[in-house]
Amino acid sequence: MAYVVTDACEKDFLCTTECATSAIHPTSDEAAARTVSQVYINPDECIDCGSCVAICPVNAIFSIDELPAEKADAAEKNAAYFQ
Ligand code: SF4
C-alpha cells in the first residue's frame with residue numbers, strides 16, 4: 001500500500017521536501033518539474049507515514065485505499081510515472 005497524489009495537485013512541491021524517503025517526484029529542481037501537471041509518489045519507496053497528506057494545502061494526497069471514486073485512476077498514474 002502507498003499514498004497517492006491526485007490531479008488536484010498544484011505543484012507547490014511542499015510534499016517533495018517533507019517526504020523522508022524522497023518518494024515524491026519530480027522535485028522542484030528536476031527538469032520534469034516544469035512539464036508535468038502534478039507530482040507523483042513512488043509506491044516502492046513510500047513507507048505510508050502520511051506526512052505528505054498533512055502538509056498538502058489543497059488536500060491532493062490520499063491513502064490508496066481512501067481514494068475518492070472519481071480519482072481511482074490516480075494510483076495507476078502515480079506508479080506509471082516511475083516505470
Ligand atoms: S506517506 Fe510518507 S513516505 Fe509516503 S510519500 Fe508521503 S511523506 Fe513520503
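1. Start with Ser-22, which sits in the loop between α1 (14-18) and β2. This is a predicted model, and in it Ser-22 takes a positive phi of about 50° although it is not a glycine. Is Ser-22 buried or exposed? The residue has 11 other C-beta atoms within 10 Å, and exposed means 12 or fewer, so Ser-22 counts as exposed.

2. Asn-59 is worth a look right after that. Here too phi is positive, about 50°, in a residue that is not a glycine. You'll find Asn-59 in the loop between α2 and β4 (61-63). With 9 C-beta neighbours inside 10 Å, Asn-59 counts as exposed.

3. One more backbone spot to check is the step from His-25 to Pro-26. That peptide bond is cis, with omega near -5°. Pro-26 belongs to the loop between β2 (24-25) and β3.

4. Now step back to the whole chain. It has 3 helices and 4 strands, and read from the N terminus they come in the order β-α-β-β-α-β-α. The C-alpha trace spans about 30 × 25 × 25 Å along its principal axes. For 83 residues, a compact globule would have a radius of gyration near 12 Å, and the chain has 11 Å, which agrees.

5. How much of the chain is buried? Buried residues account for 25% of the 83. As for how the chain folds back on itself, take the contacts between residues at least 6 apart in sequence: 74% of them join residues at least 24 apart.

6. The largest nonpolar core has 18 residues. Those with the most contacts inside it are Val-4, Val-5, Cys-15, Ile-24, Ile-41, Cys-52 and Ile-61. Three elements, β1 (3-5), β3 (40-41) and α3 (74-81), each supply at least two residues of this core. Which element gives the most? That would be β1, with 3 residues.

7. Val-4 is a good residue to click on if you want to see how this core is put together. Leaving aside residues up to four places away in sequence, Val-4 touches Ile-41, Ile-61, Phe-62, Ile-64, Leu-67, Ala-74, Ala-75 and Asn-78.

8. Three of those partners of Val-4, namely Ala-74, Ala-75 and Asn-78, are buried residues of α3. Why do they line one face of the helix? Looking down the axis of α3, its buried residues fall within an arc of 105°, so they share one face. As general background, an α-helix has 3.6 residues a turn, so residues three or four places apart point the same way. The cover over the buried residues of α3 includes β1 and β3. On the face turned away from the buried side, α3 carries the exposed residues Glu-76 and Ala-80.

9. Then there's the ligand. It is surrounded by 14 residues, and the closest are Cys-19, Cys-46, Cys-49, Ser-51 and Cys-52. Cys-52 is also listed among the residues with the most contacts inside the largest nonpolar core. Sorted by class, the shell around the ligand comes to 9 nonpolar, 3 polar and 2 charged residues.

10. Last, Asp-44, in the loop between β3 and α2 (51-55). Asp-44 is exposed, with 10 other C-beta atoms within 10 Å. How far from Glu-66 is Asp-44? The two are 22 residues apart in sequence and 18 Å apart in space, C-alpha to C-alpha.

Key: Residues are numbered from 1 along each chain as its sequence is written. This is a predicted model: local features need pLDDT of at least 70, side-chain atom pairs count only at pLDDT 80 or more; totals for chains, interfaces and linings use all residues. A nonpolar core is a set of buried Ala, Val, Leu, Ile, Met, Phe, Trp, Tyr and Cys residues joined through C-beta atoms within 7 Å. A residue is buried if 20 or more other C-beta atoms lie within 10 Å of its own, exposed if 12 or fewer, and partly exposed in between; C-beta atoms are placed from the backbone. Two residues are in contact if their C-beta atoms, placed from the backbone, lie within 7 Å. The arc is that of the directions from the helix axis to the C-beta atoms. A residue is near a molecule or strand if its C-beta atom, placed from the backbone, lies within 6 Å of it. Ala, Val, Leu, Ile, Met, Phe, Trp, Tyr, Cys and Pro count as nonpolar, Asp, Glu, Lys and Arg as charged, and the others, Gly among them, as polar. The radius of gyration is taken over C-alpha atoms; the globule rule is 2.2 Å times the number of residues to the power 0.38.
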